[in-house]
Amino acid sequence: MKSEDAQHSSAPRNSRKYGHTVPEIRTDVVRRSHRIISRIVKSYFRSEIRGAERLPSSQTIIVSHHDGGVLPINGLCLGVHWYDHFGFDRPLYVLTHDLLHSLWDPFSRLLADSGLLRADRNAMDAVLERGQSVLIFPGAARESFRPFWHRRNIDLGGRKGFIAQAIRWGLPITPVVSAGSHETVVVLSGGHDFAKMLGIPKIVRSADVWPLLAGLPWGVWALPFLPQIPLPAKITTEVLPPIHLSEALGRDLKPDHASDPEIVQAGFDLVVGRMRKRLGELYDERKYPVLG
């Protein structure tokens, strides 16, 4: 575990081991973005957070499901509440899809200044080596475009790498679930077979979908990257208790256990099981879709 000083350090450092530079998060940029985004998520989406006090004061890997089509609204809500809770002296890095970083250079610089990095293991290792916390969405496009009536379900795309990382680095996993963000657009179909026929997985990493969507402003459409106007669904986010895998699995885990598929699978099943249970309970509280 890294010290608090190391954890809160914001100086950029190039990791010789991982060959990846962790950009410095610009506090002025985050403050401006927070001021704007906070007003949107708290008014338009009536965003609330539960269990913020469970966010560890020490380094952690935060894992959440990916909802709402192309817009990472539940991630924006969590980011707002993170800085509400900790202030701006404790940065949060977020791993995001490659495509976001390839659209427009000024936008890519804004993402980097805000702590959003391309989602790959080297980037994650470099962030963790530096003692910072990181937010990840393992489910990526497959989960973000799961059908509307599967919004209670979580499978994280079956991707278990974050479990291996937690074991390798000896860090707790902090699960976060969010009810309502998958009601900001209605996913009618993920279009997995059509995506495979078009060869999308070979073109776009970790994307095997060509969804059919319903919402604003297009009505019904099947071009996943068209800009959308999200429906004003109430979003409730909950931070679950951090999971220390050694304790939860009843084993004295060492870094070498990160390559044991049975242990990694057991950790994955544990984390996903807790997330599914709590997300289902949050949806049980909702009287109506979108309205909450």
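In the predicted model, Ile 61 stands opposite Val 134 of strand β7. Ile 61 belongs to strand β4, which spans residues 61–64. Strands β4 and β7 run parallel and are joined by 3 bridges. Strand β7 also pairs with strand β5, residues 92–96. That pairing is parallel too, and it also extends over 3 bridges. Here Val 94 stands opposite Leu 135 of β7.

Strand β7 itself covers residues 133–136. Its side chains point in two directions. Ser 133 and Leu 135 point one way, and Val 134 and Ile 136 point the other way. Each of these four residues is buried.

The strands belong to a chain with 11 helices and 12 strands. The chain has 292 residues, of which 49% count as buried. Contacts across the sequence were also counted. Among those between residues at least 6 apart in sequence, 77% join residues at least 24 apart.

Aromatic rings were examined next. The structure holds 4 aromatic pairs. One of them joins Tyr 44 and Phe 45. The ring centres of Tyr 44 and Phe 45 are 4.9 Å apart and the planes stand at 90°, so this pair is edge-to-face. The two partners are not equally covered. Tyr 44 has a relative accessibility of 34% and therefore counts as partly exposed. Phe 45, at 5% relative accessibility, counts as buried.

Another pair is formed by Trp 82 and Phe 86. This pair is tilted, with 4.6 Å from centre to centre and 55° between the planes. Both residues lie in helix α3, residues 73–86. They are 4 residues apart, about one turn of the helix. Trp 82 counts as buried because its relative accessibility is 0%. Phe 86 has a relative accessible area of 22%, so this residue is partly exposed.

Phe 86 also has a charged partner. Arg 90 lies over the face of the Phe 86 ring, 4.4 Å from the ring centre. A second arrangement of this kind involves Phe 148. There the charged end of Arg 151 sits over the ring, 4.1 Å from its centre.

Salt bridges were searched for across the whole structure, and 18 were found. One of them joins Glu 238 to Arg 278, with the closest N and O atoms 3.0 Å apart. This pair links distant parts of the chain. Glu 238 is in strand β12, residues 236–239, whereas Arg 278 is in helix α11, residues 261–285. The two residues are 40 apart in sequence. Both Glu 238 and Arg 278 are buried.

Arg 278 has further acidic partners. Its side chain meets that of Glu 281 in a salt bridge of 2.7 Å, N to O. Arg 278 and Glu 281 are 3 residues apart in helix α11, so about one helical turn separates them. Glu 281 is partly exposed, because its relative accessible area is 28%. Arg 278 also forms a salt bridge with Glu 285, at 3.9 Å from N to O. Glu 285 has a relative accessible area of 43% and so is partly exposed.

These salt bridges belong to one network built through shared partners. The network joins Glu 48, Arg 50, Arg 54, Lys 234, Glu 238, Lys 277, Arg 278, Glu 281 and Glu 285.

A final site centres on Ser 47. This residue lies in the loop between α2 (27–43) and β3 (48–50). With a relative accessible area of 10%, Ser 47 falls under the 20% limit and is therefore buried. Its side chain makes a polar contact with the side chain of His 81, at 2.9 Å. Neighbours within four places in sequence were set aside in listing its contacts. Ser 47 is then in contact with Val 41, Lys 42, Cys 77, His 81 and Ile 235. His 81 thus appears both as a polar partner and in the contact list of Ser 47.

Conventions:
Residues are numbered from 1 along each chain as its sequence is written. This is a predicted model: local features need pLDDT of at least 70, side-chain atom pairs count only at pLDDT 80 or more; totals for chains, interfaces and linings use all residues. Side-chain values use heavy atoms; hydrogens and water are left out. Buried means under 20% relative accessible area, exposed over 50%, partly exposed in between (1.4 Å probe, protein chains only). Two strands pair if DSSP finds at least two bridges between them. Rings of Phe, Tyr and Trp (its six-membered ring) pair if their centres lie within 6.5 Å; planes under 30 degrees apart count as stacked, over 60 as edge-to-face and the rest as tilted. A charge sits over a ring if NZ of Lys or CZ of Arg is within 6 Å of the ring centre and within 35 degrees of the ring normal. A salt bridge is a side-chain nitrogen of Lys or Arg within 4 Å of a carboxyl oxygen of Asp or Glu. A polar contact is a pair of N or O atoms within 3.5 Å; within protein, one must be able to donate a hydrogen and the other to accept it, and residues adjacent in sequence count only if both atoms are side-chain atoms. Contact means heavy atoms within 4.5 Å.
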